[in-house]
Structures are given as C-alpha cells and as structure tokens.
Amino acid sequence: MILSENRDGVLIVTLNRPESMNSLNRELLAALNRLVSGISVDRSVRVVIITGAGEKSFCSGADLKERATMTPIEVKQYIQMIRNTFTMVENLPQPVIAAVNGFAFGGGTELALACDIRIAVSSATMGLTETSLGIIPGAGGTQRLARLLGKGKAKELIFTAHRAKADEALAIGLVNQVAPQGELLDAALNMAAKIKKNAPVALEMAKYAINYGSEVDLGSGLAIESNCYAVTIPTKDRIEGLTAFREKREPVYTGE
C-alpha cells in the first residue's frame, strides 16, 4: 500500500496502488496515517518526499469504487480521517516535498497542498474536481488552495472543477517547479539536498513561523517569529553555524 525509503535522511514515501491510480482507500489512508505519525518523532528524517508509484498518477484522490459502498456515516468517518491525516502531513516538523508524478485530482491535489513544496513532472495534471461529482473538497482543499492562490483563483478552480496542466500550475503558483519527464525524483532530491544541509531546528521553527504566522495579524505573526527565533538561540546548531562560518567550512548540523 505504501513504501518508504530513507536515503541518508531524505525519506521517500510512495503511495503504492498504481493499479488504482494510487487512490486513497481506507487501508492506504490508515497506512499513511501511521507512517506520518512515526515520521513526526523520527530524528533520522530531515526531509520528506511524497510521490506516487508508476508514471500515470500521483494520487487520483478518494477510491470512488470503495466510496460507493460506504454508508453516509462511513463517508463522514473517511472524510475526518483524510482531513486529519493531511493535517498531520502539514504539521510534520520536517519540510515535506510533493513530487507530483502524474494525475493529482481531488484528494491527490489536497495531499500536495498539505506539503510545503510541490514539484510536478511536465505531464502532470492537477485539480480540485469534486464539484463535478456533487461534493466539495473535504480534506482541506477549499482552505489551503485559497491561502496559496487567493480566494478568487481558488473559487474559479473549484467552481469549474478545473484541471490544470503542469505549466499552468506553475504559472498560477500551484507548484514551485516543473521537472522534465523522467527527472522528477532527481529534482525533488536536489531540492531536499538544498534543504537538508541547513539546521533541523531552524527549519522546523521557520516552517512553524510561516504556517502559523500567516494565519494571524502582522503583530501576532511577528511575535510568533520572535518566539521561534528564541528556540534556536540555545541550540548547538546555532553555535555550529557560527563556528563553521568563522572557520570557513561547511557546518555539520545535528538537530540539537
């Protein structure tokens, strides 16, 4: 259902249901939930990359065949679980990169939105297409897309159930980067390498300050930033950064 591989601190998480376009049935969602819970306390993981198995799909969203068998109560339980799991992804202390390797519709785009950085292969197509099925995004899509692109663009994309090709996704800011076919994972690993060389506590605090500071007024945001900065002051990493600068060498950060 789900694969994970730790490459020297970069954990590659692969949704592994290529025969079903890596759609999120309850079993896969539960496995992702358990894995993310473990990642949150795993200090050996410095950066996370989430992608899908195969070349066709990152994640096509909910498994609609399974959904058709659910009672209304089971649908509510599923929606709660997918929303909570994606929030866990968003709240991971480590930076998270979505490597969008193909179709990402509905929950697939919502999962990418819960990640910090999105890199799409040139053939990828993304969209919150739920209104075409008589429902709305239920895993944070209405909120995260509006915060990323602004209310007007989010409404346009959701109201029309628009499917954006990779180039359009890049133009509107839905993804950070587009990688040529066959080079997606390398692009994600290159981005992860640039991030991983920096201090883990600083990265965690920067992520926290951006995520929570952007949800409040400027004064409160600046206070959040100040508190996050204070967390970095007593760390060994801060001393290591200053020492390495003075000695004209690359710092070696331990996350302490």
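# Exercises on a predicted model

E256 and K236 meet in a salt bridge in which the closest N and O atoms are 3.9 Å apart. E256 lies in the segment after α11 (236-247) and K236 in helix α11, so this pair ties together parts that are 20 residues apart in sequence. The structure is a predicted model, and the exercises below work through its salt bridges, a buried charge, its strands and a surface patch.

## Exercise 1: Salt bridges

**Task.** Decide whether E256 and K236 are each buried, partly exposed or exposed, and then find where the salt-bridge partners E156 and K153 lie.

**Solution.**

Step 1. E256 has a relative accessibility of 40% and therefore counts as partly exposed, whereas K236, at 55%, counts as exposed.

Step 2. The side chains of E156 and K153 form a salt bridge with an N to O distance of 3.3 Å. Both residues belong to helix α6 (residues 151-159), where they are three residues apart, about one turn of the helix.

Step 3. E156 is partly exposed, with a relative accessible area of 39%, and K153 is also partly exposed, with 25%.

Step 4. A search of the whole structure gives 11 salt bridges, and a network of salt bridges links E240, E247 and R249.

## Exercise 2: The hairpin of β1 and β2

**Task.** Describe how strands β1 and β2 pair, and state how many residues stand between them.

**Solution.**

Step 1. Strand β1 (residues 2-7) pairs with strand β2 (residues 10-15) in the antiparallel sense, over six bridges. Within this pairing, S4 stands opposite V13 in β2.

Step 2. The two strands form a hairpin with two residues between them, and D8, which is in the turn, has a positive phi of about 50 degrees.

Step 3. The side chains of E5 and R7 meet in a salt bridge, 3.1 Å from N to O. E5 counts as partly exposed at 39% relative accessibility, and R7 likewise counts as partly exposed at 36%.

## Exercise 3: A buried charge

**Task.** Find which side chain of opposite charge is nearest to E110, and how far away that side chain is.

**Solution.**

Step 1. E110 is found in helix α4 (residues 107-114), and this residue is buried yet has no salt bridge.

Step 2. The nearest side chain of opposite charge is R144, at 6.5 Å. A salt bridge requires the nitrogen and the carboxyl oxygen to be within 4 Å, and the distance of 6.5 Å to R144 leaves E110 without one.

Step 3. A polar atom of the E110 side chain does, however, lie 3.4 Å from the backbone nitrogen of G138.

## Exercise 4: Strand β5 and its neighbours

**Task.** Establish how many residues of strand β5 are buried, and which residues lie on each of its faces.

**Solution.**

Step 1. Strand β5 (residues 96-100) is mostly covered, since five of its five residues are buried.

Step 2. In a regular strand the side chains alternate between the two faces of the sheet. In β5, V96, A98 and V100 are on one side and I97 and A99 on the other, and as all of them are buried, both faces are covered.

Step 3. Strand β3 (residues 47-52) pairs with β5 in the parallel sense over three bridges, and the bridge partner of I50 in β5 is A98.

Step 4. Strand β7 (residues 117-121) is joined to β5 by four bridges, and these two strands run parallel; here V100 has A120 in β7 as its bridge partner.

## Exercise 5: A four-stranded open sheet

**Task.** Give the order of the four strands in the open sheet, and say which strands stand at the edges.

**Solution.**

Step 1. The order is β4-β6-β8-β9, and the pairing is mixed.

Step 2. The edges are held by β4 (57-59) and β9 (164-165), each of which has a single partner strand, so one side of each is left without a neighbour in the sheet.

Step 3. Strand β6 (residues 103-105) and β8 run parallel and are joined by three bridges, with M126 in β8 as the bridge partner of A104.

## Exercise 6: A nonpolar patch

**Task.** Name the residues that form a nonpolar patch on the surface, and place I135 in the chain.

**Solution.**

Step 1. The patch is formed by L64, L133 and I135, which together have about 280 Å² of accessible area.

Step 2. I135 is found in the loop between β8 (125-127) and α5 (141-149). A patch residue needs over 30% relative accessible area, and I135 is partly exposed with 40%.

Terms used. Residues are numbered from 1 along each chain as its sequence is written. This is a predicted model: local features need pLDDT of at least 70, side-chain atom pairs count only at pLDDT 80 or more; totals for chains, interfaces and linings use all residues. Side-chain values use heavy atoms; hydrogens and water are left out. Patches are made of residues with over 30% relative accessible area and no salt bridge: like charges are joined within 9 Å, nonpolar side chains (Val, Leu, Ile, Met, Phe, Trp, Tyr) within 5 Å. Accessible areas come from the Shrake-Rupley method with a 1.4 Å probe; for residues, only the protein chains shown count as cover. Buried means under 20% relative accessible area, exposed over 50%, partly exposed in between (1.4 Å probe, protein chains only). Two strands pair if DSSP finds at least two bridges between them. Lys and Arg count as positive and Asp and Glu as negative; His and the chain ends are not counted. A polar contact is a pair of N or O atoms within 3.5 Å; within protein, one must be able to donate a hydrogen and the other to accept it, and residues adjacent in sequence count only if both atoms are side-chain atoms.
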